[in-house]
Amino acid sequence: MREAKREYIPNFEAFAHYTYADNVPFVARNYGTFGVHFSYDIFDGGKRRATLQVRDAQAAEAQENLARIRDEVQVRVEAAHNKLEQTEQMLAVSRELLAACEEASRVSAQGLEQGTYLRSQAVALKRVISGVHIVPMGMSNAYPIEDQDELTLIDAGYPGKEAAVLEAIRALGRSPDHLRNLIFTHGHPDHIGSAAAIVRETGAKTHMHPLDIPVAESGGPFRPLTPTPGLLGTVMCKLTYHPDKRVNPVAINQPLTDGETLAIAGGIEVIHAPGHCSGQVAFLWRPGQMLFVGDAGTNFMGIGDPVGFENLEEGRASQRKLANLSFDTVAFGHGKPIVHDAMTCVRNVWAQR
Ligand SMILES: [Zn+2]
């Protein structure tokens, strides 16, 4: 509408040089001679009215278009806003979860300093099956396995968790030097973070797949992960995995080989299960028919994927491979172990991956 007005309401300055109708030079002296009204009559007439009608129609159409576009933009802005809100809510929940874990571990550490840790730890240390416990250490799990006087530990948690492990050893009625072997499912910060400190306190022998040994012995940086498809994977991967993180390096005494059975804790079979991490292995503890899958999967609200993969296809193949094993109980690097019908639960989710 503004365009139409600008074009058809004479501008006196411009009038001195051009007509409004067809841009024919309209010199200043003519303006002086005929005046505004006269020039209007000369150049108006049917052509101007017709053009005005066309312009009116165009202006109305433009206004309609504008209204439609405004509606569309409104809808898109609302959709984007909703998505943003959802993401923000999910981020907030994840942050709260992490904060709660940090707080729990801070309180535990404080309890240890004040000498109250042993009691609370003894209550918190959970038996999974006969001979296997789970050390509560925030977001990741470590599992001591008892074999007469000797202890074997699967994974070593985030940095700063050595106190929880040492207290778990005492709660089991053993001393630190009873921990003979520390076996790693893979070389990520949340599984080797406290390893150096635990080895220093216990003298345990360390075992890891050769593909992850260099990163454990350097203490990082770590290989990048591609977040597991989906919003939750993206958010959790960003929050929990930082490839540039550094941990205390830990020397590895023994490389693990796919298919071998370690002569410790009555026999532990090693199954290479890459995908999340190229040096990822699972352990099958023969005496208890218990499978430790590390981060080949998780069990928070049901059996699921890790937060990310180095290679998704390999990860799926590993999940299928693990689903074909025979076991009674399954334990994860993150989330709860499954004690009843574990093999069926795993097969239902992973056999068809
Ligand atoms: Zn992990």
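Two open sheets and their helices

In this predicted model, residues 24 or more positions apart account for 65% of the contacts in the protein with a separation of 6 or more. The protein has 353 residues, of which 34% count as buried. Its secondary structure consists of 12 helices and 16 strands. Two sheets, and the helices that go with them, are taken in turn below.

One sheet is open and contains 7 strands, in the order E1-E2-E3-E4-E5-E6-E8, with mixed pairing. Its edges are E1 and strand E8 (254-255); each has a single partner strand, so one side of each is left without a neighbour in the sheet. Strands of a sheet pair through backbone hydrogen bonds, either parallel or antiparallel. Both senses can be followed here. At the E1 edge, strand E1 (residues 126-129) pairs with strand E2 (residues 132-137) in the antiparallel sense, over 3 bridges. Within this pair Arg127 stands opposite His133 in E2. The hairpin of E1 and E2 has 2 residues between the strands, and in it Gly131 takes a positive phi near 95°. Elsewhere in the sheet, strand E4 (residues 150-154) and strand E5 (residues 179-183) pair in the parallel sense over 4 bridges, and Leu153 stands opposite Leu182 in E5.

Two helices lie across strands of this sheet. H6 lies across E2, strand E3 (140-147), E4 and E5, and runs at about 145° to E2. H8 lies across E5 and strand E6 (205-208), at about 160° to E5. Strand E5 is thus crossed by H6 and by H8.

These two helices also pack on each other. Two packed helices are described by the angle between their axes and the distance between the axes. For helix H6 (residues 162-171) and helix H8 (residues 195-202), the axes come within 9 Å and cross at roughly 40°. The two helices are therefore oblique to each other. The crossing in which H6 passes H8 is right-handed. At the contact, Glu162, Val165 and Leu166 in H6 meet Ala197, Ile198 and Glu201 in H8.

The other sheet is also open, with 5 strands in the order E9-E10-E11-E12-E16 and mixed pairing. Strand E9 (261-262) and strand E16 (329-331) stand at its edges, and each has a single partner strand, so one side of each is left without a neighbour in the sheet. E9 pairs with strand E10 (residues 268-272) in the antiparallel sense over 2 bridges. Here Thr261 stands opposite Glu269 in E10.

The edge strand E16 leads on to helix H12. Which residues of helix H12 (residues 342-350) are buried? They are Ala342, Val346 and Trp350. Seen down the axis of H12, these buried residues fall within an arc of 35°, so they line one face of the helix. The buried residues of H12 pack against strand E14 (303-304), helix H11 (312-323) and E16.

H11 and H12 pack at an angle of about 145°, with their axes 9 Å apart, and their crossing is left-handed. Gln319, Arg320, Leu322 and Ala323 in H11 meet Val346, Arg347 and Trp350 in H12. Val346 and Trp350 therefore appear both among the buried residues of H12 and, along one face of the helix, in its contact with H11.

Key
Residues are numbered from 1 along each chain as its sequence is written. This is a predicted model: local features need pLDDT of at least 70, side-chain atom pairs count only at pLDDT 80 or more; totals for chains, interfaces and linings use all residues. Two strands pair if DSSP finds at least two bridges between them. A residue is buried if 20 or more other C-beta atoms lie within 10 Å of its own, exposed if 12 or fewer, and partly exposed in between; C-beta atoms are placed from the backbone. Two residues are in contact if their C-beta atoms, placed from the backbone, lie within 7 Å. The arc is that of the directions from the helix axis to the C-beta atoms. Axes are lines fitted to C-alpha atoms, for helices over the stretch in contact, and angles run from 0 to 180 degrees between N-to-C directions. Angles under 35 degrees count as roughly parallel, over 145 as roughly antiparallel, 65 to 115 as roughly perpendicular and the rest as oblique. A crossing is left-handed if the near helix is turned anticlockwise from the far one by less than a right angle, and right-handed if clockwise.
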